[in-house]
Amino acid sequence: MDISELRSGESYGCRFRVQTFIDADSKPRSTKNLQPGEVLKDAKPGEYCGFGAISKRDRDRQLLEIVDLENPGFTWTVSWADVWDVDTIEWTD
């Protein structure tokens with residue numbers, strides 16, 4: 001699948017990878033309230049892989065905004081090259 005094949009009005013999910021701060025269990029750690037020079041305890045830079053829903057697409061720059069469905073509260077901007085297993089999703093209550 002190519003990013004140009006994502007149709008407006010459809011919901012898509014995907015697996016993705018990003019470089020971020022992760023804990024010992026490879027779960028992402030938030031840096032939202034981190035002050036300049038402050039150390040993030042119990043975390044180190046690393047690769048995080050997750051599953052999420054694509055909320056925005058930038059076809060020109062090949063970027064996606066992905067809402068992390070495995071770790072609520074995290075939203076990632078990810079290159080198209082760093083996503084795989086893209087498929088339509090259906091939302092249910």
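Begin by selecting β1 (12-22) and β4 (75-79): each of these strands supplies at least two residues of the lining of the largest pocket. Please note that the model on the screen is predicted.

Next, select the whole lining of that pocket. Start with T20 and F21, then add R29, S30, T31 and K32. Complete the selection with G73, F74, T75 and W76. These residues line the largest pocket, whose volume is about 160 Å³.

Now colour the selected residues by class. Which classes does the lining of the largest pocket have, and how many residues belong to each? The lining has five polar residues, three nonpolar residues and two charged residues.

Then clear the selection and display the chain as a cartoon. Five strands are present in the chain, and there are zero helices. Following the sequence, the reader meets the pattern β-β-β-β-β.

With the C-alpha trace displayed, turn the chain along its principal axes. The trace spans about 40 × 35 × 20 Å.

Show the surface next. The chain exposes about 6500 Å², and carbon and sulfur atoms supply 44% of this area. What share of the 93 residues in the chain is buried? Buried residues account for 29% of them.

Finally, display the contacts within the chain. Consider those between residues at least 6 apart in sequence: 56% of these contacts join residues at least 24 apart.

To close the tour, return to the largest pocket and select W76 together with F21; both are among its lining residues.

Conventions
Residues are numbered from 1 along each chain as its sequence is written. This is a predicted model: local features need pLDDT of at least 70, side-chain atom pairs count only at pLDDT 80 or more; totals for chains, interfaces and linings use all residues. Side-chain values use heavy atoms; hydrogens and water are left out. On a 1 Å grid over the protein atoms alone, a cavity is a set of points where a 1.4 Å probe fits but cannot get out, and a pocket is an open set with protein on both sides within 12 Å along at least five of seven lines; lining residues have an atom within 4 Å of a point. Grid points are joined across faces, edges and corners, and a volume is the space filled by probe spheres set on the points. Helices (H or I, at least four residues) and strands (E, at least two) are DSSP runs, numbered from the N terminus. Ala, Val, Leu, Ile, Met, Phe, Trp, Tyr, Cys and Pro count as nonpolar, Asp, Glu, Lys and Arg as charged, and the others, Gly among them, as polar. Buried means under 20% relative accessible area, exposed over 50%, partly exposed in between (1.4 Å probe, protein chains only). Contact means heavy atoms within 4.5 Å. Accessible areas come from the Shrake-Rupley method with a 1.4 Å probe; for residues, only the protein chains shown count as cover.
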